[in-house]
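Visitor: I would like to learn how to read a structure of protein with DNA. Please take me through it feature by feature.

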Protein chains: 2
Amino acid sequence: MTKEARTSTEEKLLLAARRLFCRAGIHATGITRILEEAGVARGSLYAHYGSKENLLKAVFDTEANMWFHWFDLDLPHLKCSPRERILALFDLLEKWFAKEDFFGCVFINAVAEHEKDSRWVKDVAGAYRDQIIDRLRTLVGESGATDPDMVTQKLGLLIEGAIVTAMVTQNSQAAYIARLAAEDVLRCTECVSPENGPTSSAAAAALEST
Amino acid sequence: MTKEARTSTEEKLLLAARRLFCRAGIHATGITRILEEAGVARGSLYAHYGSKENLLKAVFDTEANMWFHWFDLDLPHLKCSPRERILALFDLLEKWFAKEDFFGCVFINAVAEHEKDSRWVKDVAGAYRDQIIDRLRTLVGESGATDPDMVTQKLGLLIEGAIVTAMVTQNSQAAYIARLAAEDVLRCTECVSPENGPTSSAAAAALEST
DNA sequence: ATTAGTCTAGACCGATCAGTCTATTTTTAT
DNA sequence: ATAAAAATAGACTGATCGGTCTAGACTAAT
């Protein structure tokens with residue numbers, strides 16, 4: 001096995017695929033176009049990944065790792081209150097959206113363009129989504145929110161809404177708007193009395209269990 | 001011209017296409033599958049729509065009309081406060097999500113799986129999106145919000161987030177969570193003093209103009 | 001220098017795609 | 001009843017798709 005090339009063939013393929021799958025769509029991106037963009041031979045792709053489907057799975061991994069890196073490394077290193085840590089997530093989103101090669105979330109885009117009934121894409125993307133939401137819930141829990149499940153769901157909606165809006169409008173400001181809305185949500189969960197907590201919790205739990 | 005068949009060939013095609021484009025993806029849906037589902041002959045599709053692309057445009061129209069019907073007919077008929085009218089929009093979303101043939105928003109899904117650089121899909125979907133956001137802003141304006149543009153953007157994020165979450169989780173509860181978050185947003189814009197208004201407005205305007 | 005492993009270029013395959021066309025039948029209007 | 005219009009089934013085309021395969025070139029480590 002080679003020690004480590006400047007950019008390995010495997011990585012060149014992964015980067016090109018990630019870019020093209022989001023920029024042009026998965027079905028619309030042919031193997032040949034990936035190879036051209038990666039500057040790699042046809043055989044190498046199948047030697048490393050075996051199929052287009054496996055290549056997509058690898059792209060899923062890299063995108064999930066980006067999120068895990070945020071939650072497990074970037075955010076914990078911040079010296080600030082839990083509340084500000086939650087809001088800092090939206091700053092990370094803004095940086096992501098501002099990248100010139102941001103064209104949406106590959107999970108969302110993949111689910112959008114694949115069969116919705118019992119397909120592997122939904123399962124894989126859904127599993128990663130659950131792991132991401134779990135980390136978000138941990139973050140929310142540390143903030144001492146009255147109803148962490150509900151707050152997590154609300155923030156999740158804002159995050160997904162920001163991603164889609166940023167994809168459609170090509171404007172990273174969506175993250176800032178989402179941050180302001182998140183502040184509203186956090187402010188209200190602080191000051192709202194807990195009498196409507198149970199009902200809210202039940203709804204959040206129901207959404208989660210699906 | 002025929003008077004009006006029980007379900008015209010044109011409409012059968014439109015309904016099948018709308019269903020399949022969202023359930024299975026646009027690129028993944030072959031013409032033949034649409035024809036099978038619609039129970040219509042191949043030639044009829046091209047006689048009525050000319051191309052798959054035109055058929056997609058027609059599906060865009062029907063989805064946009066759904067939104068326009070909500071804003072222009074359903075919501076105005078409600079005898080309630082402007083604030084409750086805004087929240088009622090999320091109840092309409094919930095009903096939409098609960099339909100057995102809901103598989104996401106065709107605009108979002110179409111943008112997700114098409115070329116993001118200068119493609120007609122983005123223009124057409126974006127134009128309809130602007131019209132929908134405009135109607136939402138009117139609704140927000142009627143509620144006498146301090147900063148209608150900002151509130152509109154926040155609600156827009158919640159709506160798009162709810163649509164995507166409902167698509168991924170297949171659970172209409174996303175609309176209810178979004179409604180609760182929308183209440184938070186509305187509550188905060190009522191009680192927040194206007195000193196941070198200008199900054200917020202500028203950000204909202206910047207997002208809008210793209 | 002040799003050998004094994006990796007990469008490249010590109011021909012090739014079967015399948016499927018959007019779209020065309022023809023021939024036939026059904027529907028509709030008069 | 002008849003003629004025009006609309007819908008049918010399905011063969012067909014050229015292009016493109018994902019994937020396979022071969023032959024040769026490059027790059028190590030021994």
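Visitor: Which helices each supply at least two residues of the surface near DNA strand D?

Guide: A residue is near a strand if one of its heavy atoms lies within 4 Å of it. In this predicted model, α3 (42–48) of chain A and α3 (42–48) of chain B each supply at least two residues of the surface near DNA strand D. α3(B) gives the most, with three residues. Helices (H or I, at least four residues) and strands (E, at least two) are DSSP runs, numbered from the N terminus.

Visitor: What conventions apply to the numbering and to the model?

Guide: Residues are numbered from 1 along each chain as its sequence is written, while chains are lettered from A and ligands numbered from 1 in the order in which they are written. For this predicted model, local features need pLDDT of at least 70, side-chain atom pairs count only at pLDDT 80 or more, and totals for chains, interfaces and linings use all residues; side-chain values use heavy atoms, with hydrogens and water left out.

Visitor: How many residues surround DNA strand D, and which are the closest?

Guide: DNA strand D is surrounded by 14 residues, and the closest are Ile31(A), Arg42(A), Lys52(A), Ala41(B) and Ser44(B). Of the strand D atoms within 4 Å of the protein, 58% belong to sugar or phosphate and the rest to bases.

Visitor: Which polar backbone atom lies 2.7 Å from a phosphate oxygen of DNA strand D?

Guide: A polar contact is a pair of N or O atoms within 3.5 Å; within protein, one must be able to donate a hydrogen and the other to accept it, and residues adjacent in sequence count only if both atoms are side-chain atoms. The backbone atom in question belongs to Ile31(A). A backbone N or O atom of Thr29(A) is 3.4 Å from a phosphate oxygen of strand D. From the other chain, Thr9(B) places a polar side-chain atom 3.1 Å from a phosphate oxygen of that strand.

Visitor: Which residues come nearest to DNA strand C?

Guide: Of the 15 residues around DNA strand C, the nearest are Ala41(A), Ser44(A), Ile31(B), Arg42(B) and Lys52(B). Sugar or phosphate accounts for 60% of the strand C atoms within 4 Å of the protein, and bases for the rest. Arg42(B) has a polar side-chain atom 2.7 Å from a base nitrogen of strand C. Two other residues of chain B approach phosphate oxygens of strand C: Ile31(B) with a backbone N or O atom at 2.7 Å, and Tyr46(B) with a side-chain N or O atom at 3.3 Å. The elements giving two or more residues to the surface near strand C are α3 of chain A and α3 of chain B. The largest share, three residues, comes from α3(A).

Visitor: How are chains A and B related?

Guide: Two copies of a chain are related by a rotation about an axis and a shift along it. Here a rotation of 180° with 0.0 Å of shift along its axis superposes chain A on chain B (RMSD 0.0 Å; least squares on the C-alpha atoms of residues with pLDDT of at least 70 in both). The two copies are therefore related as by a two-fold rotation axis. In chain A, the C-alpha nearest the axis is that of Gly161(A), 1.8 Å from it.

Visitor: Which residues does UniProt list as the DNA-binding region?

Guide: The unreviewed UniProt entry lists residues 30–49 of chain A. UniProt positions are given in the numbering used here, feature names are shortened, and annotations may be inferred rather than shown by experiment. Over residues 30–49 the chain is 75% helix and 0% strand, and the end C-alpha atoms are 15 Å apart.
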